[in-house]
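Student: I've got a model open and I'd like to talk through the words people use for it. Can we take them one at a time?

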Amino acid sequence: KTGEQILRTHKTKVGLFRYKEGQGDILQDFAELTYSGGRTKVSELIGKNCPEFVFPNYEDQDYVKVQLDEKSLAFAEKHMGDFGESFLRSMLWQTGWDMVRDSRMSVGRFADLVLKSMDQGEDDEQIVQFWAGKYSQFTDNGFARFFPQTTKEQQSSYDKFVAKSHEVAWRQVNAAEEGSDLQRIWFETFMSTAASRKELVR
């Protein structure tokens with residue numbers, strides 16, 4: 001068997017979340033457990049209130065690639081900005097991108113979430129830097145590689161996404177604290193999403 005086929009024993013913390021109006025996403029419960037094989041029963045969570053979002057590697061205690069179930073993914077799309085822990089948000093962004101790379105989430109769906117979250121604003125520099133890296137033309141791990149651009153319609157869709165991102169990045173440049181690292185990262189995104197030098201003149 002290859003390394004990917006061997007089901008090793010892992011330790012993790014499973015986090016259960018629900019949304020409460022006015023309080024945002026809150027941790028409803030969690031369970032620390034050791035799991036192995038294809039399925040592991042989490043006895044301590046049996047009988048608990050059903051969560052709206054489950055993250056199986058809460059606080060990054062396990063060395064594993066996470067795949068969100070559809071219900072949790074839809075919840076994250078709706079409430080990403082409501083998660084109070086920036087570290088958790090960062091993990092969710094990486095999880096989403098891993099799912100894109102593994103063809104378990106469309107790049108268009110992920111891009112829509114990035115654009116929505118950019119427009120809402122984000123004060124965590126690592127997350128904004130993560131987004132910025134996906135727009136770079138000098139990486140094989142970004143939007144340009146994973147967006148289908150074979151037909152004219154596909155190319156047009158990608159160009160519109162980049163153009164919208166360009167405008168949002170400029171708004172965030174002006175909203176960020178002058179001279180801050182966050183403003184610098186937003187400006188890098190603004191630069192990398194420009195279709196021409198003309199668009200850089202403001």
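Student: What pattern does the protein follow, read along the sequence?

Tutor: Keep in mind that this is a predicted model. Read along the sequence, the pattern is β-β-β-α-α-α-α-α-α-α. That goes with 3 strands and 7 helices in the protein. The C-alpha trace spans about 60 × 45 × 30 Å along its principal axes, and 38% of the 202 residues count as buried.

Student: What makes S1 and S2 a pair of strands?

Tutor: The cut-off is at least two bridges between them. Strand S1 (residues 10-20) and strand S2 (residues 24-35) have 11 bridges, in the antiparallel sense, so they count as paired. You can pick out partners by eye: His10 stands opposite Tyr35 in S2, and Val14 has Ala31 as its bridge partner.

Student: And what lies between S1 and S2 in the hairpin?

Tutor: There are 3 residues between the two strands. Gly22 sits in that turn, with a positive phi of about 90°.

Student: How do you know that S1 and S3 pair too?

Tutor: Same kind of test: the pairing needs at least two bridges. S1 and S3 have 3, again antiparallel, so they pass. One place to look is Phe17, which stands opposite Phe53 in S3.

Student: Why is Asn57 called buried?

Tutor: Buried means under 20% relative accessible area. Asn57 has 1%, so it is buried. You'll find Asn57 in the loop between strand S3 (53-55) and helix H1 (70-79).

Student: Which residues is Asn57 in contact with, neighbours within four places in sequence aside?

Tutor: Those are Thr12, Lys13, Asp62, Val64, Val66 and Met91.

Student: What makes the Asn57 and Thr12 side chains a polar contact?

Tutor: The pair of N or O atoms has to be within 3.5 Å. The side chains of Asn57 and Thr12 make their polar contact at 3.5 Å, so the distance fits the cut-off.

Student: Why is Lys160 called exposed?

Tutor: Exposed takes over 50% relative accessible area. Lys160 comes in at 53%, so it is exposed. Lys160 is found in helix H6. From Gly142 it is 18 residues away in sequence and 16 Å away in space, C-alpha to C-alpha.

Student: How do you know that the span of H3 is close to what is expected?

Tutor: Helix H3 (residues 107-120) has 14 residues, and 20 Å is the expected span at 1.5 Å a residue. From first C-alpha to last, H3 reaches 20 Å. The two values agree, so the span is close to the expected one. After H3 comes Gly121, with a positive phi near 95°.

Student: Which residues of H3 are buried, and what covers them?

Tutor: The buried ones are Val107, Phe110, Ala111, Leu113, Val114, Leu115, Ser117 and Met118. The cover includes H1, helix H2 (86-101), helix H4 (125-135), helix H5 (143-146), helix H6 (152-175) and helix H7 (181-192).

Student: What about H4: which of its residues are buried?

Tutor: In H4 they are Ile127, Val128, Phe130, Trp131, Ala132, Lys134 and Tyr135. Their cover includes H2, H3, H5, H6 and H7. At the start of H4, a side-chain oxygen of Asp124 reaches to within 3.1 Å of the backbone nitrogen of Gln126.

Student: What makes an empty space a cavity and not a pocket?

Tutor: Rolling a probe the size of a water molecule over the atoms shows where empty space is left. In a cavity the probe fits but cannot get out, whereas a pocket is open. The structure holds 1 cavity of 30 Å³ or more. The largest cavity has about 60 Å³ of space, and its lining includes Leu68, Trp93, Met105, Phe110 and Leu113. H1, H2 and H3 each supply at least two lining residues.

Student: Which residues lie nearest the centre of the second largest pocket?

Tutor: Tyr135, Gln137, Met191, Ser192 and Thr193, out of 18 lining residues. The volume of this pocket is about 250 Å³. H4, H6 and H7 each supply at least two residues of the lining.

How values were computed:
Residues are numbered from 1 along each chain as its sequence is written. This is a predicted model: local features need pLDDT of at least 70, side-chain atom pairs count only at pLDDT 80 or more; totals for chains, interfaces and linings use all residues. Side-chain values use heavy atoms; hydrogens and water are left out. Helices (H or I, at least four residues) and strands (E, at least two) are DSSP runs, numbered from the N terminus. Buried means under 20% relative accessible area, exposed over 50%, partly exposed in between (1.4 Å probe, protein chains only). A polar contact is a pair of N or O atoms within 3.5 Å; within protein, one must be able to donate a hydrogen and the other to accept it, and residues adjacent in sequence count only if both atoms are side-chain atoms. Contact means heavy atoms within 4.5 Å. On a 1 Å grid over the protein atoms alone, a cavity is a set of points where a 1.4 Å probe fits but cannot get out, and a pocket is an open set with protein on both sides within 12 Å along at least five of seven lines; lining residues have an atom within 4 Å of a point. Grid points are joined across faces, edges and corners, and a volume is the space filled by probe spheres set on the points.
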